[in-house]
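Biologist: I'm new to reading models like this one. Could you bring it up, so that I can ask you about it?

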Amino acid sequence: MSLNKVIELKNVNKYYKLKNDMLHALKDINLTINQGEFVMIMGKSGSGKTTLLNLLGFLDRFEKGNYIFNGKDVTNLNENQRSELRNSYMGFTFQQFHLIDSLTIGKNVELPLLYREKNGMSRKERAKRVEKYLDTVGLLDKKKRSPSELSGGQQQRVAIARALINDPYVIFADEPTGALDSETGIDIMNILKRLNEEKKTILMVTHDEDLIKYASKVIHLKDGLITKVE
Ligand SMILES: Nc1ncnc2c1ncn2[C@@H]1O[C@H](COP(=O)(O)OP(=O)(O)OP(=O)(O)O)[C@@H](O)[C@H]1O
Ligand SMILES: [Mg+2]
């Protein structure tokens, strides 16, 4: 096993079952993501970006091929094993933030720690972590507020703090700037850039060509096929 390979896909194919048909959404995908890379998955709407990110993050399954995570073949793990890996090593942000409005900002950020099976972390330790990561995204003063009281950019920063709370190997970000104006989007990109400089591996989906400059690797998808890696 090579030490710095975090993710490898080998000939992965994904199909969606439609009413009378099958949609071949990902076609013979081969890719490698190394530790510390800032990878962007680019492509038009419908090209398969979210599908790819979701199967890498164990949010969905695929039919054919192999997935190696951290040197281990994880293709055939059961749901419990998948959740355990997801909660221990992966952090997620989405275009629409997915914060829970009935919980405070602090509780939203803490949530992934509560999902962990063997977290063994005391309340006090958890509170300390929440503060650390809210501080990382510059929102420590909003800890007691509710998500709806925050701007879109602030909500995405909370989502990033939540993604970081487990100190994940990989941050998965699906169009993290998609719902934001371009200036606020740049704030988010600068946070992701800083995290990447601190050695976090980032896998981001976007269709915005202007964001290519932040990436160390760009994977171009078209109709479910990788057409170029640069
Ligand atoms: N749950 C599903 N059931 C059936 N087909 C799906 C499902 N999800 C996605 N698809 C189809 O798979 C293809 C890839 O979709 P996907 O959501 O991965 O595209 P995308 O590149 O993320 O697009 P966008 O930029 O619009 O988010 C599309 O043709 C889409 O219609
Ligand atoms: Mg998508």
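Modeller: Helices (H or I, at least four residues) and strands (E, at least two) are DSSP runs, numbered from the N terminus. This is a predicted model, where local features need pLDDT of at least 70 and side-chain atom pairs 80 or more, while totals for chains, interfaces and linings use all residues. Residues count from 1 along each chain as written, chains are lettered from A and ligands numbered from 1 in written order, and side-chain values use heavy atoms, without hydrogens or water.

Biologist: Let's start with the ligand. Which helix gives the most to the shell around ligand 1?

Modeller: The residues surrounding ligand 1 (a heavy atom within 4 Å) include Tyr16, Leu18, Leu23, Lys44, Ser45 and Gly46. Lys49, Thr50 and Thr51 are also among them. A helix covering residues 49–56 supplies three residues, the most to this shell, and that's helix α1.

Biologist: How far is a polar side-chain atom of serine 45 from an oxygen atom of ligand 1?

Modeller: Let's go through the side chains one by one. Threonine 50 has a side-chain N or O atom 2.8 Å from an oxygen of ligand 1, and lysine 49 puts a polar side-chain atom 2.7 Å from a ligand oxygen. For serine 45, the distance from a polar side-chain atom to a ligand oxygen is 2.6 Å.

Biologist: Now the sheets. Why is one side of β2 left without a neighbour?

Modeller: Strands pair if DSSP finds at least two bridges between them. Here four strands make an open sheet, paired antiparallel in the order β2-β1-β4-β5. β2 (22–34) and β5 (72–73) are at the edges, so one side of each has no neighbour in the sheet, because each has a single partner strand.

Biologist: How many bridges join β1 to β2?

Modeller: A hairpin takes β1 into β2 through four residues. Along the pair, tyrosine 15 has histidine 24 of β2 as its bridge partner, and lysine 17 sits opposite methionine 22. β1 (residues 5–17) and β2 run antiparallel, and the number of bridges joining them is nine.

Biologist: And β4, which residue there is the bridge partner of asparagine 13?

Modeller: β1 and β4 also pair in the antiparallel sense, with five bridges. Asparagine 13 has its bridge partner in β4, and the partner is lysine 64.

Biologist: At about what angle does α1 run to β1?

Modeller: Picture lines fitted to C-alpha atoms (for helices, over the stretch in contact), with angles from 0 to 180 degrees between N-to-C directions. Helix α1 lies across β1, β2 and β4 (64–69). Its direction relative to β1 is about 120°.

Biologist: There's an open sheet of six strands too. By how much are its neighbouring strands turned against each other on average?

Modeller: This sheet has mixed pairing and the order β6-β7-β8-β3-β9-β10. β6 (90–93) and β10 are its edges, each with a single partner strand, so one side of each lacks a neighbour. Ignoring direction, the average turn between neighbouring strands is 20°.

Biologist: Which helix packs on that sheet, touching β6 and β7?

Modeller: Five bridges hold β7 (residues 170–174) and β8 (residues 201–206) together in parallel, with valine 170 opposite threonine 201. The helix touching β6 and β7 spans residues 152–164 and makes about 170° with β6, and its name is α5.

Biologist: Last one: how far apart in space are threonine 227 and lysine 213?

Modeller: Threonine 227 sits in strand β10 (residues 225–229). Beyond neighbours within four places in sequence, threonine 227 is in contact (heavy atoms within 4.5 Å) with His220 and Lys222. Lysine 213 is 14 residues from threonine 227 in sequence, and C-alpha to C-alpha they're apart by 19 Å.

Conventions:
A polar contact is a pair of N or O atoms within 3.5 Å; within protein, one must be able to donate a hydrogen and the other to accept it, and residues adjacent in sequence count only if both atoms are side-chain atoms.
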